[in-house]
Amino acid sequence: MKIFKAMRQAQRPLGTGQIAELVGMTRPTVLRHLTRMPDAEIVTWRGEQPKDPHATWRLN
C-alpha cells in the first residue's frame, strides 16, 4: 500500500497531512486507512486527542 511505503521511506513519524501529501490522497482517505491499522498493530498513533495538530503515525 502506498501509505506504508511512504512511511517506510520517511523513516520517521509523520502527521496525517504529511502522509497525505506524500501519497497524493486526501487527509480523510489517509486517516480512514490509518485508523484501521492500530488494531492490526501495523501503525501506532501518538497524540493527545483526535484533532491534535502534533499527533504522528509511526510504522511498527
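**Close-up views of the core, helix 2 and the largest pocket**

**View 1. The largest nonpolar core of this predicted model holds 13 residues.** Among those 13 residues, Ile3, Met7, Ile19, Val30, Leu34 and Val43 touch the most other members. Helix 1 (2-10), helix 2 (16-23) and helix 3 (27-36) each bring at least two residues to this core. Helix 1 provides the largest share, 4 residues. In soluble globular proteins, nonpolar side chains tend to be buried together.

**View 2. Here we zoom in on helix 2 and its buried residues, Thr16, Gly17, Ile19, Ala20 and Val23.** These residues sit on the same side of helix 2 because they cover an arc of only 160° around the axis. Their cover includes helix 1, helix 3 and strand 2 (56-59).

**View 3. Turn to the other face of helix 2, and you meet the exposed residues Glu21 and Leu22.** This face is turned away from the buried side of helix 2. Just past the helix, look for Gly24, which follows helix 2 and has a positive phi, near 70°.

**View 4. The largest pocket encloses about 350 Å³ of space.** Its lining is made up of 14 residues, and Thr16, Arg27, Leu31, Pro50 and Asp52 are the ones nearest the centre of the pocket. You have already met Thr16 as one of the buried residues of helix 2.

**View 5. Where does the lining of the largest pocket come from, and of what classes are its residues?** Helix 2 and helix 3 each supply at least two lining residues, and helix 3 gives the most, with 4 residues. Sorted by class, the lining has 7 nonpolar, 4 polar and 3 charged residues.

Notes
Residues are numbered from 1 along each chain as its sequence is written. This is a predicted model: local features need pLDDT of at least 70, side-chain atom pairs count only at pLDDT 80 or more; totals for chains, interfaces and linings use all residues. Side-chain values use heavy atoms; hydrogens and water are left out. A nonpolar core is a set of buried Ala, Val, Leu, Ile, Met, Phe, Trp, Tyr and Cys residues joined through side-chain atoms within 4.5 Å. Buried means under 20% relative accessible area, exposed over 50%, partly exposed in between (1.4 Å probe, protein chains only). The arc is that of the directions from the helix axis to the C-beta atoms. Contact means heavy atoms within 4.5 Å. On a 1 Å grid over the protein atoms alone, a cavity is a set of points where a 1.4 Å probe fits but cannot get out, and a pocket is an open set with protein on both sides within 12 Å along at least five of seven lines; lining residues have an atom within 4 Å of a point. Grid points are joined across faces, edges and corners, and a volume is the space filled by probe spheres set on the points. Ala, Val, Leu, Ile, Met, Phe, Trp, Tyr, Cys and Pro count as nonpolar, Asp, Glu, Lys and Arg as charged, and the others, Gly among them, as polar.
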